[in-house]
Every structure is written in structure tokens, then in C-alpha cells.
Amino acid sequence: MKSVQQEVDERSNLTGTNKFELLLFRLGGDENGERSELFGINVFKIREIVAMPQITAVAGSPPHVLGVVNLRGQIIQVLDLPAIAGVKPKTGLNIMLVTEFARTTQAFAVESVEEIVRLDWSQVMSAEKSAGSGMVTSIARLEGENGEPGRLAQVLDVETILRNMNPESAPDISAQTVGAKIQIKPGSVILAADDSVVARALIEQGLDAMGLPFIMTKSGKECWDQLNTIASAAETEGKSVYDRVALVLTDLEMPEMDGFTLTRNIKKSARLANLPVVIHSSLSGTTNEEHVKNVGADAYVAKFSAEDLSTTLRRVLKQ
């Protein structure tokens with residue numbers, strides 16, 4: 001039997017293999033409680049899973065906010081995730097998922113928790129064209145047993161959910177916040193990658209405010225392919241990729257190829273190795289920051305503060 005430390009180490013080391021672990025849970029079904037679909041969230045975002053505690057309703061709370069709980073001295077807001085997803089739990093709200101990311105702690109009420117599965121990011125496909133609400137960022141294809149077709153799990157875009165629940169918490173992205181325009185080599189761009197609709201919108205607003213031209217991609221693989229296309233085109237013109245791309249700004253969690261793998265690929269490539277890479281992620285904590293160093297990234301900045309992003313880009317670009 002593995003020790004707790006062995007399990008922690010093994011889970012942490014997944015970041016170097018384009019793999020991750022997904023917590024699977026159910027929210028409920030239609031008005032009769034039928035057709036309960038499978039949902040997932042990256043285990044790195046889960047602080048703990050607890051049986052539903054006593055919730056204190058808060059006067060004037062927005063819709064779908066159940067209230068707050070006192071969890072070991074910390075007051076945490078609890079969101080009704082089935083109601084947000086438009087489904088009805090058949091057995092009630094039995095489990096609370098406490099999540100910690102993007103500088104915040106919050107909890108989500110769900111009907112039940114299934115299991116934790118280990119997947120390769122290549123098993124995860126973007127759901128942007130099939131999920132109109134923006135709540136689902138990607139679809140994970142789970143392996144079946146005995147030749148049976150695998151199940152599908154919808155990976156929730158928690159950042160979008162939280163932003164929709166608290167629109168007044170939108171960050172300040174103004175010229176006063178980000179400071180003076182950042183200058184990069186004429187003809188070059190920032191190449192950015194993020195699979196979240198909300199995150200992409202914030203990044204685009206931030207880069208615009210900084211006066212930085214950019215190309216936005218929706219996954220690590222798309223960014224990697226775009227980068228190589230740009231590099232090849234530059235070489236045919238007698239130039240290098242450094243004349244066309246000033247910096248790569250990447251998320252960590254992305255379908256097909258994660259940010260760790262993207263960064264490692266760049267730093268191991270003979271023609272791309274000196275390209276600055278900044279990892280911009282909602283996955284916080286010293287463990288992830290240590291992995292950022294191990295894959296050779298030039299900096300890490302937590303989502304989302306336009307001021308912090310601007311400061312980090314200036315430092316990496318030496319301005």
C-alpha cells in the first residue's frame with residue numbers, strides 16, 4: 001500500500017507527463033432527476049471534499065448562492081452547482097467540494113462524488129463549439145472496460161462560473177492599473193494560450209491595455225502548432241522566431257496539451273529555447289510554482305490581476 005507522501009509525490013509528478021487527475025461527480029438530471037451526467041474538475045483545484053455541513057443563509061445573496069459555512073474558522077461561500085447547471089439532484093445536495101484557486105476559496109454543493117481518474121490531456125477535447133453556456137470548457141473521454149465505449153465527463157470552467165455569479169468582482173483592467181505601454185520588437189507579438197472563454201477575454205483586455213499585439217490560442221497544442229508555423233515562416237524570410245514572437249503566455253490546464261508540456265517543448269527546441277515563457281494560471285501553491293521552475297518557465301503569475309500580469313511581463317521582457 002502506498003504511503004500518503006508517495007501518493008502526493010506521484011500526483012505532483014503528473015505535471016511532467018501531460019497527465020492530470022480528474023475528480024468525477026454528479027449534479028443531478030432533468031426535472032425528474034433522470035439522465036444524471038458526469039462532471040469533472042482538476043484534483044489540483046480541490047482543497048477538500050466534505051459531507052454537506054450546516055449552511056447559514058445570507059440575506060440578499062445572489063441566486064444560486066446557498067450561503068456560507070464556517071470551515072475550521074474560515075467563512076466560505078457555498079454555491080448551488082446543480083442549480084447553476086440547470087439540473088435537479090435526485091437525492092439532494094450531499095457533498096461539498098472546497099476549491100482553492102485564482103487567489104480565492106469557495107465551495108460547491110454537488111449531489112455525489114464518483115471517483116478520481118488519471119487521464120492524459122490528449123483525452124480531453126475542447127467543448128467550446130458544443131457548449132454554448134461557457135460553463136463547460138472541455139470534454140474528457142474516459143476509458144471503457146472490456147472493450148466497452150468509455151464514458152464522457154464534462155470538465156467545468158469554474159472561472160467562468162464564478163465570474164458569472166459575481167460579475168461585480170471583475171478586475172480593474174485600465175491604463176492606470178497596467179501602467180505605461182510595453183514596447184516589444186516591431187512586427188512581433190505575444191502568443192497566448194488559454195482554454196477558458198472568460199480568461200481569454202481578460203487576457204485580451206489586459207494585453208490591449210498594455211499596448212501589446214497578440215495572437216490568442218485555445219489550447220497548448222494550438223499554441224505549439226502556431227508557434228512552429230510562425231518560426232518556419234520567419235526562417236523562410238531569413239529571420240528567426242524571435243523577430244516574430246516576443247513571449248509566450250500560457251495557462252496550465254488545457255485540452256490536448258497542458259502548459260507544462262508546452263513550456264517543456266519550447267525550452268527543449270533548438271530554435272525556440274530562448275523564447276520567454278510566462279505561465280499564467282489559476283492553479284496556485286508552492287507545488288505548482290516548483291514545477292513551473294522545473295519545466296524552465298521564465299515566470300509564473302497567478303490569475304487574474306492585470307497589475308501583476310503587467311509587472312511580470314515587464315520583468316521578463318526586461319522593461
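Here is a chat about a few local features of this predicted model.

Trainee: Okay, strands first. In what sense do β12 and β13 pair?

Mentor: Parallel, over 4 bridges. β12 covers residues 189–193 and β13 covers residues 214–217.

Trainee: And which residue of β13 does L191 stand opposite?

Mentor: That's I215.

Trainee: What do β12, helix α5 and β13 make together?

Mentor: They form a β-α-β unit, and its hand is right. The helix there, α5, takes in residues 197–209.

Trainee: Switching to α3. How many of its residues are buried?

Mentor: 6 of its 8, so the helix is mostly covered. It spans residues 158–165.

Trainee: Which ones are they, the buried residues of α3?

Mentor: V158, E159, T160, I161, L162 and M165.

Trainee: New topic, backbone oddities. What's up with the phi of H64?

Mentor: It's positive, about 75°, and H64 isn't a glycine. You'll find H64 in the loop that runs between β3 (46–51) and β4 (65–71).

Trainee: Why does H64 count as partly exposed?

Mentor: Because its relative accessibility is 34%, and partly exposed is what lies between the 20% and 50% cut-offs.

Trainee: Then there's E256. Where does that one lie?

Mentor: In the loop between β14 (245–250) and α7 (259–268). E256 has a positive phi of about 75° too, and is not a glycine either.

Trainee: Why is E256 put down as partly exposed?

Mentor: Because E256 comes out at 30% relative accessibility.

Terms used:
Residues are numbered from 1 along each chain as its sequence is written. This is a predicted model: local features need pLDDT of at least 70, side-chain atom pairs count only at pLDDT 80 or more; totals for chains, interfaces and linings use all residues. Side-chain values use heavy atoms; hydrogens and water are left out. Two strands pair if DSSP finds at least two bridges between them. Helices (H or I, at least four residues) and strands (E, at least two) are DSSP runs, numbered from the N terminus. A crossover is right-handed if, with the strands pointing away from the viewer, the path from the first strand over the helix to the second runs clockwise. Buried means under 20% relative accessible area, exposed over 50%, partly exposed in between (1.4 Å probe, protein chains only).
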